[in-house]
Amino acid sequence: MLCVVPLLRALRARYAASFIALMASPVNHAVMQNLRYINELLSYDKRQFIGKEGGNLLRFIPYVRSLREMHFDIAVVPSTVSTSFTSDMLAYLSGARIRIGAGSIDGKENPSAFFFTHPRFLDWRGRPGYHQVQRNIDIWPEPLPPTDPSLEITLSGHKIGEGKSFVSNVKAGRARAIVYHPGAGKPPNKWPASRFAQVAEELSRSEDSVVVITSGPMDALATQEMINGLSVGYHLVQNEPVRRVAAILKFADLLITNDTGIMHIGAGVGTPVLSLFGPTDPEQWAPIGARHRYLRGEGGDIAEIPVDDVLSNARDMLRAGA
């Protein structure tokens, strides 16, 4: 979702007086709150309509009615990796006269392209390093103004205060706060957690830095493995709401993370991010900007990234931000 921000930024620049709404799932709704390029953030939670926890399909009718009452002229569904029947259908049900979405992606036909009046036949097979940010922009059928490709998360003053206070308290007079995220949703995207511990131990001493570990619901094993390898103190931010995590990251000096969602969260609040990649192409997915760096394991194996390479890049980034 965050890779869609530059598209929204470009649309706002091109259509400054337009009403722009963004529809998001609950987890993405939390990330995109207060984004300055949109007028309204809509939530689509399929659990309201189907599922074991009180879903009722009859609720879908008033939901669609509320969409149509907004009288959208255009509906657009950015797609870069895969397509979604539900998203494509919602574009149709919005009542928008013009509906733009993927007709195919890299030669693979979208089976729900019939919902669109302007299907886009997207093919990046000859451009493997073409960034996801630009791929999202490509959904628009006309040229858009050149735009800042950075990600962005807008935090309230209250949240910013919370994050600043947390980081100030955990630093307790030390020079820096470095955040580590040893988990990832996909096993091939996980650098060995014991090596995260090695890096944290060394940087704690050499850079006078406090160790902060972030951990989500799928990260418990990697987090515990990292903790087991630490002899220095640490602060654990575990299973916290995404906006609280973002606020904490905003005041960190560096985020060292696997290729996973937290990488984009850190970039979205302006934290320098050192991201570690395995099979995924970092030219497509790593945060854009001079403040960020990535390392990729030889042969696409994240375990091939040496600890010394992480340490040297982390130190360079800390000195650049000093």
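These legends go with a set of close-up views of a predicted model.

**View 1. An aromatic pair made by Trp191 and Phe196.** Across the predicted model, the tally of aromatic pairs comes to 11. In this one, Trp191 and Phe196 meet edge-to-face, with 5.3 Å from centre to centre and 75° between the planes. That angle is over 60 degrees, so the pair gets the edge-to-face label. As for solvent, both Trp191 and Phe196 are buried.

**View 2. Four rings in a cluster, and a pocket alongside some of them.** Tyr44, Phe49, Phe60 and Tyr63 are joined by ring pairs into a cluster. Tyr44, Phe49 and Phe60 also turn up in the lining of the second largest pocket, together with Lys46, Ile50, Leu57, Thr86 and Met89. This pocket holds about 160 Å³ of space. Sorted by class, its lining has six nonpolar residues, one polar and one charged.

**View 3. Arg127 over the face of Tyr130.** Here a charged side chain sits on an aromatic ring: Arg127 is 3.8 Å from the ring centre of Tyr130.

**View 4. Helix H4 and what it packs against.** H4 covers residues 85–93, and its buried residues are Asp88, Leu90, Ala91 and Leu93. What do the buried residues of H4 pack against? Their partners are two strands that come before the helix in numbering, E1 (21–24) and E3 (74–77), plus helix H3 (60–68) and strand E4 (98–105). Just after H4, the backbone at Gly95 takes a positive phi of about 85°.

**View 5. Arg68, from helix H3 to the end of H4.** Arg68 is part of helix H3. Is Arg68 buried or exposed? Neither label fits, because its relative accessibility is 44%, and that makes it partly exposed. Setting aside neighbours within four places in sequence, Arg68 is in contact with Tyr92, Leu93, Ser94 and Gly95. Of these, Leu93 is one of the buried residues of H4, and Gly95 is the residue with the positive phi. Ala96 is 28 residues away from Arg68 in sequence, yet their C-alpha atoms are 8.0 Å apart in space.

**View 6. The largest cavity and its lining.** The structure has one cavity of 30 Å³ or more. The volume of the largest cavity is about 40 Å³. Which residues line the largest cavity? They are Cys3, His131, Val133, Pro149, Leu151, His264, Trp285, Ala286, Pro287 and Ile288. By class, that comes to eight nonpolar and two polar residues, with no charged ones.

Conventions:
Residues numbered from 1 in each chain as written. Predicted model: local features only at pLDDT ≥ 70, side-chain atom pairs only at ≥ 80, totals over all residues. Heavy atoms only, no water. Phe/Tyr/Trp six-rings, centres within 6.5 Å; stacked < 30°, edge-to-face > 60°. Buried < 20%, exposed > 50% of the residue type's maximum accessible area, 1.4 Å probe, protein only. Lys NZ or Arg CZ within 6 Å of the ring centre and 35° of its normal. Helix = DSSP H or I, 4+ residues; strand = E, 2+ residues; numbered from the N terminus. Contact = heavy atoms within 4.5 Å. 1 Å grid on protein atoms, 1.4 Å probe; cavity = no way out; pocket = protein on both sides within 12 Å on 5 of 7 lines; lining within 4 Å. Points joined across faces, edges and corners; volume = space filled by probe spheres on them. Nonpolar A, V, L, I, M, F, W, Y, C, P; charged D, E, K, R; others polar.
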